[in-house]
Amino acid sequence: MDVHESEPRWDVAISFSGKDRDVALQVVRHLQQRGLTVFYDESAREETVGRDLFVRLREIYTRQARCCVAIISRNYVAGGWPTFELQAAQERALIDDGYLLPIRLDDADVPSLPRSMGYASMADLDAVAELALRRSQRDKAGRTARVEVTPAGSAPVSAVSPTPAAEPLESFERQLGHELVEIGDPELVRRCRALPEDRDAWTGWRLAADLVRYLGWNTRIRTGTALTCWRTGDHVFVSILPAIVLDRPHRTLEFVLAGEGLFLAATWQSADPVWQRFGFEEYHDAVRGKLADRSGLDTEREGCLLVLRGRGAEFAFPVVPRAGNPEALCDWLDEEPQSLPFDWDRNPALGSPRIGVWGEAHHTPSDAVVLIFMVYGGWTNAAHYALGEALTSLLPGRHNRYLCGPGAMRVTVLLTTAEASGWQRVEEDEVNRVVDAVHLGLTRACAAHDGVPLPPLPGHLAVPAPSAGQRAGLDHALECLGSQEFPDLSDDWAPSTAQWLKPRHSLGNRVDLARRFDFAAVSSPSALRDQVARLEGRLDPDE
């Protein structure tokens with residue numbers, strides 16, 4: 001580690017959680033009363049507003065202060081910016097013993113700090129101020145080296161370039177982030193750190209897809225389809241294609257790996273019409289009559305690349321890491337897609353996989369109460385097999401899958417039977433188990449679609465099979481349902497000749513797949529595996 005001389009601007013830099021601001025202000029005032037200059041965010045707006053915070057804050061905490069007072073608390077440990085600031089301060093402390101002066105507010109554990117480190121409390125403010133004052137006096141007298149941290153074999157930390165060496169396309173501009181956006185999923189962060197800088201196109205797409213899914217369900221960032229992802233040093237770039245119809249142009253999100261998280265530093269965007277959203281007709285004209293030559297990919301992504309080629313797009317940074325390579329994952333066959341539930345993910349006209357219309361329906365001739373939902377889009381063959389296997393194992397004799405057309409499958413599940421007067425005979429526990437089984441089947445289908453390995457489905461989780469009379473009722477309901485995606489329901493119960501009624505005592509949100517199937521919980525492979533384990537635990541009669 002090299003040491004370079006540099007003149008600090010402040011005597012003390014304060015690092016704290018915004019939730020502990022009142023305490024931090026007490027510390028700042030105490031230090032200032034001793035004549036010390038203090039870097040405190042609210043009094044140094046000119047240092048941060050309009051600046052790249054990752055570069056500027058790192059410079060402040062590694063070079064521009066003579067010591068750092070960190071106010072440690074549970075809020076501090078859980079915060080994104082405090083973690084980033086502490087990492088920078090620790091880099092300085094590696095070659096400047098005594099630089100970090102921690103004040104503990106509670107018993108929060110800080111994994112990155114040694115357990116043997118000495119802490120002060122708020123009762124020790126005089127002692128902390130005295131230590132800071134002595135360091136300042138020694139430094140000004142020239143008895144302490146003024147340092148710039150440079151890990152061996154690398155550039156100075158403060159000089160780390162916020163952008164890669166690649167020259168960006170002329171129309172793209174880099175806009176600094178003004179809001180803290182963090183990807184905190186440990187598995188996603190680990191994969192970003194381990195991403196080779198010469199990664200292949202398939203690896204880049206898979207990681208980008210997982211990152212975009214996480215952002216969509218855990219942040220306010222709304223995006224189009226993931227194109228690719230790459231890493232340059234500590235910077236991770238996620239390239240996202242223009243959306244179809246929705247007003248979302250192409251964007252490349254630039255993240256920085258810091259501490260245990262991945263933080264949004266900047267967004268690359270262009271005003272060029274080439275990179276703006278796709279119209280519905282434009283997209284479908286480009287993909288009409290085409291079939292991907294392989295399955296297991298996102299054909300909407302590949303279809304968007306066809307549109308961009310048709311627009312004459314130039315593929316270079318920041319759209320892709322290497323100029324001239326759009327990172328397409330398939331070639332195209334001039335064939336009409338089949339309607340069978342196979343190779344749907346080779347048909348770019350079907351769009352991304354999703355769950356559509358859902359609802360309960362009471363079939364009055366048979367008293368069968370069923371849950372009906374639609375499975376739409378380019379699900380992979382593996383996902384179809386996983387869903388079928390799970391529903392067959394978990395709901396023997398209780399479900400039916402009906403192909404309504406290319407990319408549209410109706411799933412009907414028998415919940416129970418009930419008289420028109422109400423649900424007095426409903427076994428609530430059993431119905432809830434049926435709904436949990438549906439959710440488990442969908443989660444396992446998501447895992448198969450994303451290529452996430454799961455252990456085999458346990459054989460003892462099945463919901464009890466329906467009686468012969470209930471099964472006959474389901475068959476009668478399916479016959480009346482025919483090819484409809486969902487029946488027209490009546491709410492006229494007294495008396496009614498309608499075949500299909502809204503259940504009088506609905507389970508409400510308990511069968512609302514849009515609410516109960518927690519898409520946010522499956523926004524990363526590790527979270528998806530956790531949800532599978534939770535659902536299997538709920539279905540296990542021995543738990």
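Let me start with helix 9, residues 299–310, in what is a predicted model. At 1.5 Å a residue, its twelve residues should span 16 Å, and the end C-alpha atoms are 17 Å apart, which agrees.

Now, is this helix mostly covered or mostly open? Ten of the twelve residues of helix 9 are buried, so by that count the helix is mostly covered. The buried residues begin with Thr299, Glu300, Arg301 and Glu302, and they continue through Gly303, Cys304, Leu305, Leu306, Val307 and Leu308. As for what lies against them, the buried residues of helix 9 pack against two other helices, helix 7 (201–218) and helix 8 (280–287), and also against strand 9 (226–232), strand 13 (291–292) and strand 14 (332–333).

Both ends of helix 9 deserve a word. At its start, the backbone nitrogen of Glu300 has a side-chain oxygen of Asp298 within 3.0 Å, while after the helix comes Gly312, whose phi is positive, near 80 degrees.

Let me turn to the salt bridges, of which the model has 24. I will take three of them in turn.

In one of them, Asp11 pairs with Arg66, and the closest N and O atoms are 3.0 Å apart. Because Asp11 lies in strand 2 (residues 10–15) and Arg66 in strand 4 (residues 65–72), the pair ties together parts that are 55 residues apart in sequence. Asp11 and Arg66 are both buried.

Another salt bridge brings us back to helix 7, which we met as a packing partner of helix 9. Here the side chains of Arg213 and Asp450 meet at 3.0 Å, N to O. Arg213 lies in helix 7 and Asp450 in helix 11 (residues 428–450), so this pair ties together parts that are 237 residues apart in sequence. Arg213 has a relative accessible area of 21% and is therefore partly exposed, whereas Asp450, at 14% relative accessibility, counts as buried, the cut-off for buried being under 20%. These two residues also belong to a network of salt bridges that links Arg191, Arg206, Asp210, Arg213 and Asp450.

The third pair I chose is Asp334 with Lys290, where the closest N and O atoms are 3.4 Å apart. Asp334 sits in the loop between strand 14 and strand 15 (354–363), and Lys290 in the loop between helix 8 and strand 13, so the parts tied together are 44 residues apart in sequence. With a relative accessibility of 66%, Asp334 counts as exposed, while Lys290, with a relative accessible area of 22%, is partly exposed.

Methods
Residues numbered from 1 in each chain as written. Predicted model: local features only at pLDDT ≥ 70, side-chain atom pairs only at ≥ 80, totals over all residues. Heavy atoms only, no water. Helix = DSSP H or I, 4+ residues; strand = E, 2+ residues; numbered from the N terminus. Expected span 1.5 Å × (residues − 1). Buried < 20%, exposed > 50% of the residue type's maximum accessible area, 1.4 Å probe, protein only. Contact = heavy atoms within 4.5 Å. Polar contact = N/O pair within 3.5 Å; in protein donor to acceptor, adjacent residues only side chain to side chain. Salt bridge = Lys/Arg side-chain N within 4 Å of Asp/Glu carboxyl O.
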